[in-house]
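Q: Could we go through this structure together? I would like to begin with the overall picture and then turn to details.

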Amino acid sequence: MQCKNRTLNPRLLLRLLAIGIVLCSGSAYGKPLLLNTFNTYPLSSPQGTGYLDLVIKEAFRRIGADVKIVRLSSERGLVNADRGIDDGDFVRIAGLDKTYPNLVRVPAALCDFEFTVFTKDPSIRIEGWQGLKPYNVGIITGWKILERKIVGTRSLTKVGNATALFELLAHGRADLVVFDKVEGDAIIKKLGLSGIIALRPYLARQDMYLYLNRRHAGLARRLAEALLEMKTDGSMRRIARSVAGLKE
Amino acid sequence: MADEQRQIQNRIGRRLLKKVLLFSFVVTIIFTVIQAWMDYSIRMSGINETIGQVKKVQVRGLITALWNYDMQELAAEVEGIHHFNYLNYAAVIDRGKLIAQAGQKKRKNVITREIALTRDYNGRQVMLGTLYLQADTALVVRDVLARIALIFLFQAATVAIVAFFLLWLFGRMVTRHLSIAASYFRSFNVAGMNAPLVLDKPAKDDELDTLAGAFNMMREHLAASYLQQLCAQQEIEESERRFRVLFEQAPDAITVYDQDENRFVDANENAERLFALSREELLKTGPRQIYPDAQPDGRLISESISENIKLTLAGESVALDRLIRCADGKERLCEVRLVRLPSGERRLIRASYIDVTERRQAEKALFYAEKKFRDLLETIQLIAVMLDCDGNVVFCNDYFLGLTGWSRDEALGNNWFDMFLPGENRETVKSVFKSILRDNAPLHYENPIVTREGAKRLVIWDNSVLRNFGGDVIGTASLGIDVTEHRRLEEQLRQAQKMEAIGQLAGGVAHDFNNILCAIVGYAHLALMKMPEGDPVRGNMEQILRASERATTLTRSLLSFSRKQIINPRPNNLTDIIRGLEKFLSRLIREDIEMKIKCGEGDMMIFADRGQIEQMLMNLVTNARDAMPGGGHIAIGTVKVRMDEEFIRMHGYGKPGAYAAIVVSDTGEGMDAKTKERIFEPFFTTREQGKGTGLGLSMVYGIVKQHEGFIDVDSEQGKGAEFRIYLPLVSAAVPDRQRDIRLPEAEGGVETLLVAEDDEAIRQLNTELLRNYGYRIIEAVDGEDAVAKFRQNMDDVQLIIMDGIMPKKNGKEAYEEIRAINPSVRVIYLSGYAEDIISREGLLEPGTNFILKPVTPANLLKKVREVLDGD
């Protein structure tokens with residue numbers, strides 16, 4: 001039996017390379033990607049039934065990947081994603097990739113946040129970020145826009161989660177707290193707090209994004225395309241409708 | 001006052017207080033230090049426990065705060081940790097970035113610990129940061145020092161209080177009583193020895209009472225001992241006086257030398273006298289000053305003195321002879337004995353000196369005298385032996401040992417009779433020994449002794465008894481002469497003298513008989529010449545002549561024995577002689593006798609008369625044949641032998657030189673010693689009467705002696721006999737001293753001849769014979785007459801025929817006078833004596849004409865004619 005020298009077909013080589021890249025780009029095709037979030041219901045829930053949970057899962061499904069969502073505090077979520085402990089983090093304002101160089105933003109907004117002041121004192125009127133200075137303010141650790149904007153207040157208390165934030169307000173240890181309007185309303189309702197109101201107008205409105213660790217950068221574009229496709233084909237709207245307590 | 005002050009300073013209480021305080025202080029310090037060290041260790045381990053506690057309690061909260069990035073909580077937690085004991089600094093660091101801290105970080109005297117802050121997340125440990133803790137050990141030290149200082153202060157105060165209390169108590173209970181006792185001791189003396197020490201104390205039977213009791217007991221013993229010592233001191237003083245007297249009056253001179261002071265520290269009167277120094281002077285000196293450097297033992301005193309002092313101090317008693325130098329410059333020889341004196345730590349040596357100058361001189365003289373005699377005895381060529389009364393050898397000299405072959409060790413102590421006497425003489429000599437011891441006689445005795453090899457030596461002894469100083473006999477002293485050789489030589493001489501005497505006798509008889517025979521033969525010949533043929537008496541005359549020839553042969557044999565036979569020696573090869581005679585000898589023996597001849601290799605040249613040698617061999621073979629009537633073997637052999645001193649010593653005869661030995665042995669009857677002694681004597685025979693002349697071996701003896709040889713015979717009864725003849729070997733070039741003279745035919749003459757002969761018969765025979773042949777004869781009856789007759793007829797006499805031995809003047813003397821008258825006149829000597837006698841008389845000078853009697857007329861005529869016709 002004779003053995004002959006064969007040269008590999010270039011096309012076959014390219015195919016094998018592509019498969020290798022996909023396999024190395026993440027565990028999308030094997031192990032589910034681990035994404036963390038600090039959001040609360042109705043955006044996210046431990047059961048994975050929140051709006052963002054469902055959108056993200058669908059988007060990943062569309063690109064052929066599986067995803068697992070865990071809950072972490074805001075700052076811990078960023079750090080974990082940045083250090084590669086987790087594969088990604090959501091939802092965040094744009095520009096965090098400057099502070100966390102290992103994060104890659106998926107360039108398609110998942111939703112928007114209205115950063116609103118909640119207080120028990122109906123007499124308080126807030127006009128912009130400067131209007132917070134005379135008050136004892138509470139925020140969630142890791143909300144970068146708030147940490148940057150809110151400075152020079154009488155006091156600033158940072159807590160790890162939304163529940164603690166609103167407990168802080170409810171017990172009078174803060175004059176007001178700044179949080180997302182949608183999630184704030186949901187928390188107040190969930191905790192059965194009364195006398196807390198959301199001041200209008202909101203302090204800022206920001207599009208919110210999904211961030212992936214740099215090693216999954218190859219998925220960002222495809223995910224963005226999948227999200228746009230979901231917007232276009234009405235999938236997002238259908239998901240929003242399916243989540244209780246969430247307006248379209 | 002100063003003493004008082006010192007006493008106060010030295011009081012026991014003060015010293016006790018000082019020492020208690022010092023000791024307590026040191027103990028306190030030690031325990032405090034130990035306590036400090038333990039405290040420090042506990043606190044240091046407390047730091048570890050604190051850190052463990054932080055780990056156990058605080059880390060969880062830290063991890064939670066850190067996980068949630070709750071910085072306020074984190075800061076609160078860190079602040080809380082910082083407040084733990086000795087933790088001066090706490091911080092949380094994540095990836096090198098300080099997240100939260102509390103306290104002041106230090107660089108020195110700190111213990112640091114880092115605790116990893118991890119959280120289990122999604123199935124794996126996530127590193128959240130590190131808790132960095134710093135504990136300040138300086139704080140630990142500070143706390144420990146503060147605590148220890150306090151403890152030390154309290155303990156020191158306690159010790160001081162207790163010490164002062166003890167001091168007060170000690171003063172009350174002890175020192176007060178000690179002061180009382182001290183006062184008592186100060187005033188204690190021999191006079192107050194009976195007053196006891198009493199202490200006034202409320203408590204009894206304590207140590208002070210025991211001390212006081214013990215002291216009182218000691219006081220009593222001391223009092224008793226004092227009394228005893230007083231007595232002992234008196235005794236010592238008495239003893240000292242006695243020994244001093246003994247020391248001073250000792251017959252020896254005595255000095256006592258102190259090694260440490262290096263001088264004499266004592267000396268007695270005899271020492272003063274001996275050294276001629278006063279005691280004061282003597283005690284300023286030492287041994288090195290009293291001894292001159294050169295000493296009798298050959299060693300310098302400077303070398304030996306230290307050694308002797310060392311030996312003596314080591315306990316040895318040293319005795320030696322020493323020359324001492326007296327102050328007057330004289331040197332005396334002393335016997336010195338050195339002994340170490342027991343004197344505690346002092347190193348004292350007692351030396352006693354006995355002046356032995358005169359004694360040593362006497363001993364020396366005695367020694368040399370004894371040595372002289374001993375050397376004499378040792379070197380004298382006589383046997384010197386001393387025996388004790390039991391006959392054991394107590395002395396023997398070298399000559400004796402050399403003679404017997406025993407060593408001195410073997411000889412001394414052994415019994416003389418058992419070791420040195422032959423068994424057969426032992427008892428006899430023992431009785432002689434007893435007689436000497438008892439009666440001091442016999443003083444001279446002769447007996448044989450036995451050497452180590454068993455040989456016997458004959459010794460003549462000169463004995464004397466030995467006595468001790470008390471006059472008791474303690475043994476014998478004997479000088480002996482070994483006369484073995486002497487006796488043997490005596491025997492040989494005796495034998496030689498005997499043979500010489502016999503020879504002389506035989507020679508004399510033969511001479512006279514020869515003269516008679518000359519006359520008989522001469523007249524018988526004359527008668528026969530004048531008898532007509534057919535005369536009936538002619539037969540008788542011929543019988544007379546034949547008998548005369550036999551008689552002539554007999555006389556020749558006698559002359560051969562007595563060496564008076566004229567021989568004609570010349571160089572001859574002995575081997576040729578024997579080989580030439582072999583056939584003739586074989587005819588002499590019978591058929592039942594076998595004869596073997598074995599000659600040595602090479603020529604054996606001897607200066608000998610061949611006929612005489614042949615005669616000798618024939619006689620020996622005939623003798624051997626007759627000794628073997630039943631047949632047997634005869635062996636003849638020759639060998640070259642060199643006689644040396646050893647040979648001569650062993651055989652008792654000989655003269656150094658090379659010899660041809662002829663050995664003739666037979667297996668015949670042999671002979672006993674008595675026969676052997678006489679076999680060479682003429683007419684001695686063991687054969688039956690008429691069967692032998694007894695002259696055969698006598699001839700052999702004479703021939704051998706005439707050839708300057710030696711003969712020996714070895715024989716035992718029944719064991720045959722062996723004759724050994726030694727003839728001197730010569731070189732072949734030895735010139736002939738004599739040649740055979742061929743006798744010419746008988747021829748007469750007309751010359752005038754002077755015939756001098758004291759024997760009238762021979763004179764007349766010769767006169768008549770010569771006249772018959774035409775000669776004119778003048779007769780002379782002796783030597784003087786011959787000289788006188790020659791003076792009268794000096795012009796006519798042309799030849800003198802002269803008897804060699806004559807009365808008044810012998811032939812030579814007469815001829816000397818005649819020759820003085822006429823030197824050209826010639827002479828023929830006639831003699832019946834052998835050549836040696838003729839030589840002795842001076843007749844046989846070279847060129848001398850000589851005829852041995854009896855001479856036949858023809859021979860005489862031929863000789864006369866030959867001389868007259870000679871040049």
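A: The following answers concern a predicted model.

Q: What does the secondary structure of chain B come to?
A: Chain B has 26 helices and 26 strands.

Q: And how many residues are in chain B, and what percentage of them is buried?
A: Chain B contains 871 residues, and 27% of them are buried.

Q: What share of the contacts in chain B is between residues 24 or more positions apart?
A: Among contacts in chain B with a separation of 6 or more, 61% are between residues 24 or more positions apart.

Q: Changing topic: how many residues of chain B are in contact with chain A?
A: Nine residues of chain B contact ten residues of chain A. On the chain B side, five of the touching residues are nonpolar, three are polar and one is charged.

Q: Now the five-strand sheet in chain B: open or closed, and in which order do the strands run?
A: The sheet is open, with its five strands in the order 11-10-14-13-12, and the pairing is antiparallel.

Q: Which are the edge strands?
A: Strand 11 (393-396) and strand 12 (444-450) of chain B are at the edges, each pairing on one side only. From one strand to the next, the twist averages 30°.

Q: How many bridges are there between strand 10 and strand 14 of chain B?
A: Six bridges join strand 10 (residues 383-388) to strand 14 (residues 473-482) of chain B, in the antiparallel sense.

Q: And what is the bridge partner of B:A384 in strand 14 of chain B?
A: The partner of B:A384 there is B:L479.

Key. Residues are numbered from 1 along each chain as its sequence is written. Chains are lettered from A and ligands numbered from 1 in the order in which they are written. This is a predicted model: local features need pLDDT of at least 70, side-chain atom pairs count only at pLDDT 80 or more; totals for chains, interfaces and linings use all residues. Helices (H or I, at least four residues) and strands (E, at least two) are DSSP runs, numbered from the N terminus. A residue is buried if 20 or more other C-beta atoms lie within 10 Å of its own, exposed if 12 or fewer, and partly exposed in between; C-beta atoms are placed from the backbone. Two residues are in contact if their C-beta atoms, placed from the backbone, lie within 7 Å. Ala, Val, Leu, Ile, Met, Phe, Trp, Tyr, Cys and Pro count as nonpolar, Asp, Glu, Lys and Arg as charged, and the others, Gly among them, as polar. Two strands pair if DSSP finds at least two bridges between them. Axes are lines fitted to C-alpha atoms, for helices over the stretch in contact, and angles run from 0 to 180 degrees between N-to-C directions.
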